[in-house]
Amino acid sequence: MGMQGPEPGPAIDGLTPRRIVEELDKYIVGQAAAKRAVAIALRNRYRRSRLGPDMRDEVIPKNILMIGPTGVGKTEIARRLARLAAAPFVKVEATKFTEVGYVGRDVDSMIRDLVETAIQMVRSEQVGKVRERAAAHARDRLVEILVPAPRREPGLANPFETLFGGGRPPAAAPAPPGPAAPDLAERRAAMRARLDRGELDHETAEIETEESALPTVEVFSGQGVEEMGINLQDLFGNILPRRRKRRRMPVPDALRVLTNEEAQKLIDMDEVVREGIRRAEQTGIVFIDELDKIAGREGGTGPDVSREGVQRDILPIIEGSTVTTKHGPVRTDHILFIAAGAFHMSRPADLIPELQGRLPIRVELASLAEADFVRILVEPENALTKQYAALLATEGVEVQFPDDGVREIARVAAAVNTEQEDIGARRLHTILEKVTEELSFAAPEAPARVVIDAAYVRERLAGILADRDLSRYVL
């Protein structure tokens, strides 16, 4: 594959580091240092795309190591960054990988997953571009199904039918156009008009669709055990008849299925795969979580051998290597790797020196305090209080979270994190779920308006907070 420069996204030239941080602030509270680091890394990709070919290949991403307790926003920062840049993104757990020779997933699978994600992104974009044409073709197909032409004797489709078709006679010559042809056109025009007016939305249609599921088999390759799809149609062309299935479904669903089939015919999958591989190579982001769980070089027996082995297996991928996938070779030189870990029981210095050197930017994320919880509950566009209010509004229940109720929820979450394990903002999910449990259960019959203030919160949590042993299991 030629190392072509990545085409910047539609608005990436306007995503200055300051603008990127502002966009991240809409969803993540605090952690300014981490936001600045990822904003600079993303902007450097745009800067690299404007360099000449020779210099462009020499500029490699500055990979990032985020250090901080769970629930402070490490994963969310990386995920929002990828969404902002419309870049292929995968999140993997370092603990799921094992050293070559051990049973488990090999580290190359993270790149294969990234390529699959990139190809799906490109395919979705291409389908969106041809959606209108595909919908028009699908409507024509559906009308032909609803108003079929007179049956003809089918001919032999392929050589296998010669052997197994029972000596069927060849297809009859097409009948000359008679008085039925204009009548057929008129009936189809009337059916198309009814379809356009929505008169068939409650009707059903029987359509014939291609089987989309491909047989898969696990193969033991040089990179490990990998599940690969085998498309027999691609191997044997039209010698084997296509697997088709007749299904009866509502007309709107039939139209959707036929539209997807027509869209698939209109896009060039070879070009989709090429573009997907290019995006994975040039703009892909891999987030490696729980890196601290494989840190540790002491000892020579037990799991430490595999831990250091996993680090050594990850090293060439981060350094830059070629990974073989079923779509072709993929180079990892310009993929951005963001690693993260709590590092409670270990330190970044416990990683092998070579891996430390490939994660040059280190950012420490701070633990969340009560004031941060208050902001998390109300400020982000996807704030938890907004989510719960929207969910219950679907049942006709209006839920309000006044300031004193928000502060009480934040206070309880901070107190439980201090007394027990600190799980960061995830504690808010537990507290809020317990506070709204009774309301969610009785929502259809609940009052039309509920105010969750400080007294309401204390009432719902009184029994649990009073019993410290119980709170360890419930909260």
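## Arginine 197 and its partner

Arginine 197 is exposed in this predicted model. Its relative accessible area is 54%, so it passes the 50% mark above which a residue counts as exposed. Glutamate 199 forms a salt bridge with arginine 197. The closest N and O atoms of the two are 2.7 Å apart. Glutamate 199 is partly exposed, and its relative accessible area is 40%.

## Other salt bridges

How many salt bridges does a search of the whole structure find? The search returns 32. One of them joins the side chains of glutamate 261 and arginine 141, at 3.1 Å from N to O. This pair links distant parts of the chain. Glutamate 261 sits in helix H10, residues 251-266. Arginine 141 sits in helix H6, residues 131-146. The two residues are 120 residues apart. Glutamate 261 and arginine 141 are both buried, which means that each has under 20% relative accessible area.

Aspartate 292 and lysine 293 also meet through their side chains, in a salt bridge of 3.2 Å from N to O. Are these two residues buried or exposed? Aspartate 292 is buried, with 8% relative accessible area. Lysine 293 is partly exposed, at 40% relative accessibility. Salt bridges also form a network, which links Glu125, Glu275, Arg278 and Arg279.

## The chain as a whole

The protein chain has 475 residues, and buried residues make up 41% of them. Its secondary structure consists of 20 helices and 13 strands. Contacts between residues at least 6 apart in sequence were sorted by separation. Of these contacts, 78% join residues at least 24 apart.

## The second largest pocket

The second largest pocket has a volume of about 760 Å³. Its lining comprises 34 residues. Which of them are closest to the centre of the pocket? They are Gly71, Gly73, Glu76, Ala425 and Arg426.

Three elements give two or more residues to the lining of this pocket. They are helix H4 (74-85), helix H15 (384-393) and helix H17 (426-435). H4 supplies the largest share of the lining, five residues. By class, the lining has 13 nonpolar, nine polar and twelve charged residues.

## Positive phi outside glycine

Most residues other than glycine have a negative phi. Alanine 86 has a positive phi, about 50°, although it is not a glycine. Alanine 86 lies in the loop between H4 and strand S2 (89-93). H4 is also the helix that gives the second largest pocket the largest share of its lining. Alanine 86 is partly exposed, with a relative accessible area of 43%.

Glutamate 290 has a positive phi as well, near 60°. Where is glutamate 290 found? It is in the loop between strand S7 (285-289) and helix H12 (303-319). Glutamate 290 is partly exposed, at 25% relative accessible area. That value places glutamate 290 above the buried class, because buried means under 20%.

## Serine 109 in helix H5

Serine 109 is placed in helix H5, residues 109-129. Serine 109 is buried, and its relative accessible area is 4%. A polar atom of the serine 109 side chain lies 2.8 Å from the backbone oxygen of aspartate 106. The distance counts as a polar contact because it is within the 3.5 Å cut-off.

## Methionine 269 in helix H11

Methionine 269 is placed in helix H11, residues 269-283. Methionine 269 is partly exposed, with a relative accessible area of 30%. Which residues does methionine 269 touch, not counting residues up to four places away in sequence? They are Arg123 and Gln264.

The C-alpha atoms of methionine 269 and isoleucine 119 are separated by 9.3 Å. Along the chain, methionine 269 and isoleucine 119 are 150 residues apart.

Definitions and conventions: Residues are numbered from 1 along each chain as its sequence is written. This is a predicted model: local features need pLDDT of at least 70, side-chain atom pairs count only at pLDDT 80 or more; totals for chains, interfaces and linings use all residues. Side-chain values use heavy atoms; hydrogens and water are left out. On a 1 Å grid over the protein atoms alone, a cavity is a set of points where a 1.4 Å probe fits but cannot get out, and a pocket is an open set with protein on both sides within 12 Å along at least five of seven lines; lining residues have an atom within 4 Å of a point. Grid points are joined across faces, edges and corners, and a volume is the space filled by probe spheres set on the points. Helices (H or I, at least four residues) and strands (E, at least two) are DSSP runs, numbered from the N terminus. Ala, Val, Leu, Ile, Met, Phe, Trp, Tyr, Cys and Pro count as nonpolar, Asp, Glu, Lys and Arg as charged, and the others, Gly among them, as polar. A salt bridge is a side-chain nitrogen of Lys or Arg within 4 Å of a carboxyl oxygen of Asp or Glu. Buried means under 20% relative accessible area, exposed over 50%, partly exposed in between (1.4 Å probe, protein chains only). A polar contact is a pair of N or O atoms within 3.5 Å; within protein, one must be able to donate a hydrogen and the other to accept it, and residues adjacent in sequence count only if both atoms are side-chain atoms. Contact means heavy atoms within 4.5 Å.
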